[in-house]
Amino acid sequence: MGAMAWNERMSMEFIIAESAEDMGRRAADRIASFVEADPACVLGLATGTTPIGLYADLVADFKAGKLSFAEVTTFNLDEYRGLAPEHDQSYRYFMKKHLFDHIDIDQARTHVPEGANPDADAVCAAYEQAIAEAGGIDLQLLGLGPNGHIGFNEPEDTFPKATHCVDLTESTIQANSRLFDSIDDVPRQAYTMGIGTIMAARSVLVVVEGAHKAEIVKKAFFGPVTPEVPASILQFHPNATVIVDPAAGELCRDLA
Ligand code: GLP
């Protein structure tokens with residue numbers, strides 16, 4: 001038997017949606033189908049501007065009586081180290097604002113790394129243990145940082161394995177400063193699931209929008225797999241779906 005070309009073996013599904021709204025709707029439908037198939041599933045969730053629309057779609061589905069999150073467990077990818085849950089830029093606050101406070105989820109089953117606890121080793125070990133106790137993550141939602149990061153796994157020499165504390169890169173601090181009063185208010189560190197944690201999810205779903213991400217989308221999903229572009233490792237995930245809006249997919253039309 002001849003050797004298969006890498007592209008033939010690659011199981012990643014790459015979808016260029018018709019619009020940013022269509023990207024959100026398709027991603028929400030994917031998440032909804034997991035919840036419908038297993039009402040007690042474990043979802044990995046993400047923050048950022050990109051998933052806001054899909055969370056609104058999930059809230060609408062819940063309000064229309066189509067979906068219940070009563071038995072769902074969630075684990076968020078990351079949290080700023082040093083921000084309390086009440087801080088309006090904390091990821092716990094974001095999740096409550098965009099999803100948790102509008103659906104029937106049991107808030108005790110929603111997990112976000114404990115940003116207010118400075119004991120990094122304790123926070124990270126507890127997070128890994130909680131994920132293991134929940135039976136692992138069924139579907140992990142991911143956004144893509146402009147430098148190729150997933151969660152807060154920044155470009156590095158190696159792929160970090162487990163949940164850990166990271167020093168944010170200047171470019172991430174810069175990119176995220178738009179949401180803070182001043183760049184000096186952006187935390188310099190974060191707790192994030194590791195690449196190993198993310199790769200252990202049984203399925204992953206990546207959403208990306210905007211022309212400013214077009215270059216990194218091409219690199220991450222069609223370029224070499226390297227820790228310099230952390231998201232590129234998702235090419236090796238056995239069950240990965242990437243949904244991008246037309247602007248973010250612009251350079252991949254002939255590759256997808
Ligand atoms: C942040 C988050 C990531 C997110 C990324 C992209 O840094 N830690 O999880 O995917 O930003 O965010 P946006 O969708 O706002 O571009």
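Q: How do the residues of the shell around the ligand divide into nonpolar, polar and charged?
A: This is a predicted model. In it, 14 residues surround the ligand, and the closest are T49, T50, D78, R178 and K213. By class, the shell divides into 3 nonpolar, 8 polar and 3 charged residues.

Q: Which residue has a polar side-chain atom 2.4 Å from an oxygen atom of the ligand?
A: T49 approaches an oxygen atom of the ligand through a backbone N or O atom, at 2.7 Å. The contact at 2.4 Å instead involves a polar side-chain atom, and this atom belongs to T50.

Q: How much of the accessible area of the ligand does the protein cover?
A: An N or O atom in the side chain of D78 lies 2.9 Å from a nitrogen atom of the ligand. On its own, the ligand has 390 Å² of accessible area, and the share that the protein covers is 94%.

Q: What is the volume of the pocket in which the ligand sits?
A: The ligand sits in the largest pocket. The volume to consider is thus that of the largest pocket, about 680 Å³.

Q: Which element supplies the largest share of the lining of the largest pocket?
A: The lining comprises 34 residues, with T47, G48, T49, R178 and L179 nearest the centre of the pocket. At least two lining residues come from each of β4 (78-80), α4 (91-98) and α6 (170-176). The largest share is 5 residues, and the element that supplies it is α4.

Q: How many residues of the lining of the largest pocket are charged?
A: The lining contains 15 nonpolar and 13 polar residues. The remaining class in this division is the charged one, with 6 residues.

Notes. Residues are numbered from 1 along each chain as its sequence is written. This is a predicted model: local features need pLDDT of at least 70, side-chain atom pairs count only at pLDDT 80 or more; totals for chains, interfaces and linings use all residues. Side-chain values use heavy atoms; hydrogens and water are left out. A residue is near a molecule or strand if one of its heavy atoms lies within 4 Å of it. A polar contact is a pair of N or O atoms within 3.5 Å; within protein, one must be able to donate a hydrogen and the other to accept it, and residues adjacent in sequence count only if both atoms are side-chain atoms. Accessible areas come from the Shrake-Rupley method with a 1.4 Å probe; for residues, only the protein chains shown count as cover. On a 1 Å grid over the protein atoms alone, a cavity is a set of points where a 1.4 Å probe fits but cannot get out, and a pocket is an open set with protein on both sides within 12 Å along at least five of seven lines; lining residues have an atom within 4 Å of a point. A molecule sits in a cavity or pocket if more than half of its atoms lie within 2 Å of its grid points. Ala, Val, Leu, Ile, Met, Phe, Trp, Tyr, Cys and Pro count as nonpolar, Asp, Glu, Lys and Arg as charged, and the others, Gly among them, as polar. Grid points are joined across faces, edges and corners, and a volume is the space filled by probe spheres set on the points. Helices (H or I, at least four residues) and strands (E, at least two) are DSSP runs, numbered from the N terminus.
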